[in-house]
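Please look over the structure below before reading on. This briefing covers a sheet, the helices against it and some pairs of aromatic rings.

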Amino acid sequence: MAHESLTHEEVLLEGFLLLDTPECLRAELIDGEIVVTGLPDGDHEHHISVIIEQVIRKSATEMDFSGNKGLRVPRGARTVPDHVIPDGTLVPHDQRLFRGAGSWMDCEGVSMVVEVTSTKPDRDREAKRHCYANGNIPLYLLVDREKSSVTLFSDPENADYREVVTVPFGKSIHLPAPFSFPLETADFL
């Protein structure tokens, strides 16, 4: 009986997908590393709430939101995709992308992902930014609590974003279509 030889990446992915992570933790596979994080603090959740409230009230396109949606992101030439869980995933309501999706869905159709930095801010600033660009997600909104700023990354190409706009907390930042409104950040202060 012949046995199929698995690569290190395939074994890593298989092990990751078999993890039974307790509800108080979330596990992601980012750049070939299994990353386990705890629950976010109240300020983290406040920032997410401020963003989502404005999206619901002001967005030109009605959006669906998930704070726990696993995304499967291609990694270029590597065979094993990243598996990330953004703090927020926004998709057009009329596409119904969350309905019927498994635990890990592809990025196609995702309009924007949101991250709020926590104990390891460089992961959100670098590794996850590259993941989302690899997934061709048009917009990545990063709320950087350490730097007291909000950054919008747009126009993904070659595992990064070509356009970057950063404003300090207290200033508004324009979210382009399909949102088409200025996101107010005064409540982050």
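The points below take the sheet, the helices and the aromatic rings in turn. The model is predicted. Six strands make up an open sheet, and four aromatic pairs are counted.

**The sheet**
- The strand order is 3-6-8-9-10-11, with mixed pairing.
- Strand 3 (63-66) and strand 11 are the edge strands, each pairing on one side only.
- From one strand to the next, the twist averages 20 degrees.
- Strand 9 (residues 139-144) and strand 10 (residues 149-157) run antiparallel and are joined by six bridges.
- Asp144 has Ser149 in strand 10 as its bridge partner.

**Helices on the sheet**
- Helix 2 (residues 42-58) packs on the sheet and touches strand 3, strand 6 (88-92), strand 8 (112-116) and strand 9.
- The direction of helix 2 makes about 150 degrees with that of strand 8.
- Helix 3 (residues 121-134) lies across strand 8, strand 9, strand 10 and strand 11, and runs at about 170 degrees to strand 9.

**Aromatic rings**
- The count of aromatic pairs is four.
- Phe153 and Tyr161 form a tilted pair, because their ring centres are 6.0 Å apart and their planes are at 45 degrees.
- Both Phe153 and Tyr161 are buried.
- Phe169 and Phe188 form an edge-to-face pair, because their planes are at 65 degrees, with ring centres 5.3 Å apart.
- Phe169 lies in the loop between strand 11 (160-168) and strand 12 (173-175) and Phe188 in the segment after strand 13 (181-183), so this pair ties together parts 19 residues apart in sequence.
- Phe169 is buried, with a relative accessible area of 12%, and Phe188 is buried, at 6%.
- Tyr132, Tyr140, Phe153 and Tyr161 are linked into a cluster by ring pairs.

Methods: Residues numbered from 1 in each chain as written. Predicted model: local features only at pLDDT ≥ 70, side-chain atom pairs only at ≥ 80, totals over all residues. Heavy atoms only, no water. Phe/Tyr/Trp six-rings, centres within 6.5 Å; stacked < 30°, edge-to-face > 60°. Buried < 20%, exposed > 50% of the residue type's maximum accessible area, 1.4 Å probe, protein only. Helix = DSSP H or I, 4+ residues; strand = E, 2+ residues; numbered from the N terminus. Pairing = 2+ DSSP bridges. Axes fitted to C-alpha atoms, helices over the stretch in contact; angles between N-to-C directions. Contact = heavy atoms within 4.5 Å.
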